[in-house]
Amino acid sequence: MSNKKAKAALNQIKNESAQAVGVTLNPGYNGELTSRQAGSIGGEMVKRMVESYENNSSMNSSNYQSK
């Protein structure tokens, strides 16, 4: 995955996570966020990335088992 694609994917996860926890992000700098808000977004991002990894990992392992 290219750097631009990775950056775009992380921004999408960040925006979706912020929306999920009820935090409004501005385009660009968001220095006005509290630590709690930023932590909530980061925690939601990690949760989503782990879920994505687990889903992809289980799909890949089932592909190996079926061959």
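**Exercise 1. Is glutamate 44 buried or exposed, and at what relative accessibility?**

*Solution.* Glutamate 44 counts as buried because its relative accessibility is 15%. Here buried means under 20% relative accessible area, exposed over 50%, and partly exposed in between (1.4 Å probe, protein chains only).

A word on the model before we go on: it is predicted, so local features need pLDDT of at least 70 and side-chain atom pairs count only at pLDDT 80 or more, while totals for chains, interfaces and linings use all residues. Residues are numbered from 1 along each chain as its sequence is written, and side-chain values use heavy atoms, with hydrogens and water left out.

**Exercise 2. Describe the secondary structure of the chain and the span of helix H1.**

*Solution.* Step one: the chain comes to two helices and zero strands. Helices (H or I, at least four residues) and strands (E, at least two) are DSSP runs, numbered from the N terminus.

Step two: helix H1 covers residues 3-21, 19 residues in total. From first C-alpha to last, helix H1 reaches 27 Å, close to the 27 Å expected at 1.5 Å a residue. That expected span is 1.5 Å times one less than the number of residues.

Step three: just after H1 comes glycine 22, with a positive phi of about 80°.

**Exercise 3. Which residues are linked in a network of salt bridges?**

*Solution.* Start with the criterion: a side-chain nitrogen of Lys or Arg within 4 Å of a carboxyl oxygen of Asp or Glu. By this rule there are two salt bridges.

Next, take the pairs in turn. Glutamate 16 pairs with arginine 48, their closest N and O atoms being 3.5 Å apart. This pair links distant parts of the chain, with glutamate 16 in helix H1 and arginine 48 in helix H2, 32 residues apart. Arginine 48 also forms a salt bridge with glutamate 44, where the closest N and O atoms are 3.1 Å apart. Because they are four residues apart in helix H2, arginine 48 and glutamate 44 are separated by about one helical turn.

Putting the pairs together, Glu16, Glu44 and Arg48 make up the network. As for exposure, glutamate 16 is partly exposed at 33% relative accessible area, and arginine 48 is partly exposed at 26%.

**Exercise 4. What is serine 17 in contact with, leaving aside its neighbours within four places in sequence?**

*Solution.* First place the residue: serine 17 lies in helix H1 and is buried, with a relative accessible area of 0%.

Then list its partners, with contact meaning heavy atoms within 4.5 Å: Ile41, Glu44, Met45 and Arg48.

For a distance check, try lysine 47, which lies in helix H2 and is partly exposed at 44%. The C-alpha atoms of lysine 47 and serine 17 are separated by 9.4 Å, with their positions 30 residues apart along the chain.

**Exercise 5. Which residues form the nonpolar patch on the surface?**

*Solution.* Patches are made of residues with over 30% relative accessible area and no salt bridge, joining like charges within 9 Å and nonpolar side chains (Val, Leu, Ile, Met, Phe, Trp, Tyr) within 5 Å.

The members are Leu10, Val46, Met49 and Val50, with about 310 Å² of accessible area together. Such areas come from the Shrake-Rupley method with a 1.4 Å probe; for residues, only the protein chains shown count as cover.

Helix H2 (residues 35-66) gives the largest share of the patch, three residues. One of the patch members, valine 46, sits in helix H2 and is partly exposed at 48% relative accessibility.
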